[in-house]
Structure formats: structure tokens, C-alpha cells
Amino acid sequence: MRSPVSRRHIVRGVAAGLSAAALPCLALAQGATQPSLTPGPPGRPGRHRVDEPVAVEVNARPLPSFDIRDRARVRFGALEYRSGLILTSSFSGFGGLSALRLDAKGERFIAVSDQGTWFTGRIVYRGRDMAGLDDVEAAPLLDAHGKPITATRGWYDSESLALDGSFAYVGLERVNQVLRYDFAKGFTRARGEVVPLPPAARKLPLNKGLEALVFVPKVMARGQSLAGTLIAFSERGLDASGNLIAFLVGGKTPGQFSVRRTESFDISDAVLLPSGDLLILERKFSWLGGVGIRIRRLALSDIAPGAVVDGPAIFNADLGNEIDNMEGIDAHVTAEGETVLTMISDDNFSLIQRNLLLQFTLVE
């Protein structure tokens, strides 16, 4: 679905929605000398690259059920399936969607593609079911000089996104860096500033580095040591015990901690619920076992420098379900008080993979 895109309409609508909570700013880089953009390993995006803002027409086909083996099934662990969409577009730059954040109503969205691209727009609903996307725009992530980050070799593997009021943080996995954008200065036309990270972040393995970002707002974590902290999770950076490395950036207690790794799952994204619980989206792949995803619930209060945190799985799915390379997750609360989880997949711009947008109600 598509309607004429107005830059002013998108900037006002999305920025206002995403910043509705007016969360305080985490000024991680204030007073610090910003490091220059260091070229990453060889390789850069090709025909999927976006160099200028452009309106995008996205087609959506509904997924009426999630379980391929039992189409009537709606309950999956602690989640209840609501609706899903298969997204396609003739625009060559559409795809590779690796992170997603929604406004408080679950309508306006901002996403990043692993090709160094912003995607903004609106989810259209029919009742409680998703029906399509509208007002979709693609724009390049810009560096501190106002140029697309892809102009610097290796600076395009944008895999993670966190929001703090008008500020957005984007993680670049290939070079294990984080850029901060002030949406008050032009929304997706804003320029990115490099956020200083612990030296250990630069030592994460190639293509298994920074994969998920979560910002802990002060209004939610008042009195907690993590208030005002950016949490950065690696996909498969492992500590000496084989657990997944994560970092606490800024805040009162910066440092490093680990998430216990089990059943060969890697982290692909995370979201902080209004309750204070942290959900991590994980995936695994093997030639024998195929693809699997799960969601684990962690207690934010367990996270501290040096800690090894763990939590129960509340959702599991495999190729018997309508999944793909699920890389993004977010949550919003409906007017009826239901907590809705939205997941998105990265199709890797492959003909045999899909861009899926899935929604579930968290029932436990």
C-alpha cells in the first residue's frame, strides 16, 4: 500500500510518535573527542544501497496463521499469534531489515537495513490485524559529515537500533561501532556521531559482533543503577566460559557482563518491556537442524558488570512455523492493555528468504 510521501508529514508524525515518552537523553559522547570513521574490512553494499531519500511502495500479503502444521493453533508458549505479513517491493533497496522500533500505538515505525538504510512508515491495521505498510520512505544513514555511512568502507552492516527520546543509537556489526543520531536535527537526515565504546567491543568476532541495542530510560528505572544506560549485546562474541558478551555503556555502572548461551542460540535483538523485564530474541541455524528462534525473558535487575544472566524461554519456533531470519523485535501496549510483540525478518536480499512482519500478544 502506498500514498504520496511528504517529508514534513513523516518527520512530524514519526518523530512525535517515537518520542512521545520524552525520555531523557543519554549524552554518552558529550565532552568527548569523537573518533574518526575507521574503514572496516573489505566489502560494501552494491545495488541495494540507498544514497538519497526515496518513497518506497511496499506490497503486503497476509499470513492468516503461524503454525504450518496446524493452521488453527494460535498459542505458542507465552505468546498468542495475532497477524503477520509477507512484505515485498520492486525497490531494490528494500530488504535486509535488521531492527525495528514502534511508536506507543504500534503504528509509526522506524527500522534499519543492514545496508546502511533507514526505513520509516506506518503499519496499517484492519481491526487488530496488520493489513499493510503506508508512507514508507528509505533514506541513507549519514555520518558526521552528512555523507552516507556507506561511503566509508565497511560502514554499512547496521544491525541494531535503540531509542532515547529524540536520540537514536545504531549499531554497526561489521566494525563494532555505535552511531548516535539526534532526530530533533532533521529526523533521518540527522548526522551520526560515534559513541565511545569499551575497547573490548572492537575485539568482537567479524560478523558476530554488536547485534542488539536497548536503552534503559531513567523514568522506567528510577533508582536502579542501569538508569540511563545503553545495553549492547553481541551476536556471538563469547567470554572465556562460552557465554555471550554484552556491554553497559554510559550510566552509573558501565562495564561488561554475559548472557548464558544455551542450545547454540545467538542473540539477534532485544526489547525492554514496560514491566522492566528484558526480552532477547535469539536464533540458531544448522544444516541438520535447520532454523530455530526463541525468546528469553531476563530480569533487568540481574544485569550488572561481571554478571552472567539467564532466564526462561517463553517462545520457541522452527521451520514448522512461518519464520525466517528473525532479527528485530519491539513491544507496545494497546489501548486495551495488551502487550504486543512485533518481530521482523532480514531476507538478506535473497530470493529464497522473506521479509516477514509478525505480531503476537504476550499472554504470560
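**Aromatic clusters, nonpolar cores and strand pairing**

One aromatic cluster is formed by Phe66, Phe76, Tyr81, Phe315 and Phe360. The model in which this cluster appears is a predicted one. Its average pLDDT is 87, and 86% of the residues score at least 70. Residues 1-44 stand apart in this respect, with pLDDT under 50 throughout. For this segment the model has 112 contacts beyond four places in sequence. Where pLDDT is low, the predicted coordinates should not be read in detail.

Members of the aromatic cluster reappear in the nonpolar interior. The largest nonpolar core comprises 26 residues, and those with the most contacts inside it are Phe66, Leu79, Ile295, Phe315, Met343 and Phe360. At least two core residues come from each of the strands β4 (79-88), β18 (277-286), β19 (290-299), β21 (313-318), β22 (326-333), β23 (339-345) and β24 (355-362). The greatest contribution is that of β24, which gives four residues. Separate from this assembly is a second core of 21 residues, which includes Leu248, Leu272, Leu278 and Ile280. In soluble globular proteins, nonpolar side chains tend to be buried together.

The surroundings of methionine 343 illustrate the larger core in detail. When neighbours within four places in sequence are set aside, methionine 343 is in contact with Leu79, Leu281, Ile295, Phe315, Met326, Gly328, Ile329, Leu356, Leu357, Leu358 and Phe360.

Aromatic pairing was examined next. Twelve aromatic pairs are present in the structure. A pair of aromatic rings is described by the distance of the centres and the angle of the planes. For tryptophan 118 and phenylalanine 183, the ring centres are 5.5 Å apart and the planes stand at 70°, so the arrangement is edge-to-face. Tryptophan 118 belongs to strand β7 (residues 117-126), whereas phenylalanine 183 occupies the loop between β11 (177-182) and β12 (193-195); the pair therefore ties together parts that are 65 residues apart in sequence. Tryptophan 118 and phenylalanine 183 are both buried. Phenylalanine 183 also pairs with phenylalanine 187: with centres 4.8 Å apart and planes at 70°, these rings are likewise edge-to-face. Phenylalanine 187 is buried, as is phenylalanine 183.

Two residues other than glycine adopt positive phi values. For asparagine 176, phi is near 50°. Asparagine 176 is located in the loop between β10 (167-172) and β11, and its relative accessibility of 3% places it among buried residues. For phenylalanine 349, phi is near 55°. Phenylalanine 349 lies in the loop between β23 and β24, and this residue is also buried, with a relative accessible area of 19%, the cut-off for burial being under 20%.

The strand arrangement includes an open sheet of five strands, ordered β13-β14-β15-β16-β20, in which the pairing is mixed. Its edges are formed by β13 (210-216) and β20 (308-309), each of which pairs on one side only. Strands of a sheet pair through backbone hydrogen bonds, either parallel or antiparallel. Within this sheet, strand β14 (residues 229-238) and strand β15 (residues 244-250) are joined in the antiparallel sense over six bridges. Phenylalanine 233 has alanine 246 of β15 as its bridge partner.

How values were computed:
Residues are numbered from 1 along each chain as its sequence is written. This is a predicted model: local features need pLDDT of at least 70, side-chain atom pairs count only at pLDDT 80 or more; totals for chains, interfaces and linings use all residues. Side-chain values use heavy atoms; hydrogens and water are left out. A nonpolar core is a set of buried Ala, Val, Leu, Ile, Met, Phe, Trp, Tyr and Cys residues joined through side-chain atoms within 4.5 Å. Buried means under 20% relative accessible area, exposed over 50%, partly exposed in between (1.4 Å probe, protein chains only). Contact means heavy atoms within 4.5 Å. pLDDT is the predictor's confidence in each residue, from 0 to 100. Rings of Phe, Tyr and Trp (its six-membered ring) pair if their centres lie within 6.5 Å; planes under 30 degrees apart count as stacked, over 60 as edge-to-face and the rest as tilted. Two strands pair if DSSP finds at least two bridges between them.
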